[in-house]
Amino acid sequence: MKIHQIPIFVINLKKDTEKKQHMETLCRRHNLECQFIEAIYGKDLEEQTLSKVYEKEKVIHAYGRELTKGEIGAALSHIHILKYIIKMDIDKAIIFE
């Protein structure tokens with residue numbers, strides 16, 4: 001399978017317009033089709049949402065510290081794309097952040 005046949009997803013925060021432009025330029029330069037996915041902005045996550053997806057004690061036990069809201073948002077963004085990949089039965093994909 002050639003790289004041009006593998007779906008490419010780019011996670012990008014809505015506010016990071018310069019990064020998006022840079023990634024678009026790189027994709028054009030290399031003749032790659034990319035699908036941009038709006039990232040979940042961790043700082044905007046409400047406590048009610050966090051309590052459904054994050055268990056502080058387990059994380060501290062596993063990693064020795066809490067995760068930042070940014071790390072949680074990044075993880076949720078990746079999970080969102082992975083669920084889409086599974087739903088669409090995509091065999092291989094590339095995810096850029």
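Begin by selecting strand 1 and strand 2, which pair with each other in the parallel sense over five bridges. The model on display is a predicted one. To find one of these contacts, pick I11 and then look across to strand 2, where I37 is its bridge partner.

**The sheet**

Next, add strand 3 to the selection. The three strands together form an open sheet in the order 2-1-3, with parallel pairing. Strand 2, covering 34-38, and strand 3, covering 94-96, stand at the edges with a single partner strand each, so one side of each has no neighbour in the sheet. When the view is rotated, the turn between strands can be followed: neighbouring strands of this sheet are turned by 25° against each other on average, direction ignored. As general background, the strands of a sheet pair through backbone hydrogen bonds, in either a parallel or an antiparallel manner.

**The helix across the sheet**

Keep the sheet visible and select helix 4, residues 69-87. Helix 4 lies across strand 1, strand 2 and strand 3. Relative to strand 1, helix 4 runs at about 155°.

**The largest pocket**

Now turn to the largest pocket, which holds about 170 Å³ of space. Its lining consists of 15 residues. To locate the centre, select L13, A39, I40, G70 and E97, the lining residues that lie nearest to it. Which elements give two or more residues to this lining? They are strand 1, residues 8-12, and helix 4. Helix 4 supplies the largest share, namely four residues. Colouring the lining by class shows six nonpolar, five polar and four charged residues.

**The disulfide**

For the final stop, display the side chains of C27 and C34, which are joined by a disulfide with an S to S distance of 2.4 Å. How many disulfides does the structure hold? There is one. In general terms, a disulfide is a covalent bond between the sulfur atoms of two cysteines. Viewed along the S-S bond of C27 and C34, the torsion is about -85°, and the disulfide is therefore left-handed. C34 also falls within the range of strand 2, 34-38, which returns the tour to an edge of the sheet.

Key:
Residues are numbered from 1 along each chain as its sequence is written. This is a predicted model: local features need pLDDT of at least 70, side-chain atom pairs count only at pLDDT 80 or more; totals for chains, interfaces and linings use all residues. Side-chain values use heavy atoms; hydrogens and water are left out. On a 1 Å grid over the protein atoms alone, a cavity is a set of points where a 1.4 Å probe fits but cannot get out, and a pocket is an open set with protein on both sides within 12 Å along at least five of seven lines; lining residues have an atom within 4 Å of a point. Grid points are joined across faces, edges and corners, and a volume is the space filled by probe spheres set on the points. Ala, Val, Leu, Ile, Met, Phe, Trp, Tyr, Cys and Pro count as nonpolar, Asp, Glu, Lys and Arg as charged, and the others, Gly among them, as polar. Two strands pair if DSSP finds at least two bridges between them. Axes are lines fitted to C-alpha atoms, for helices over the stretch in contact, and angles run from 0 to 180 degrees between N-to-C directions. Contact means heavy atoms within 4.5 Å. A disulfide is a pair of cysteine sulfur atoms within 2.5 Å.
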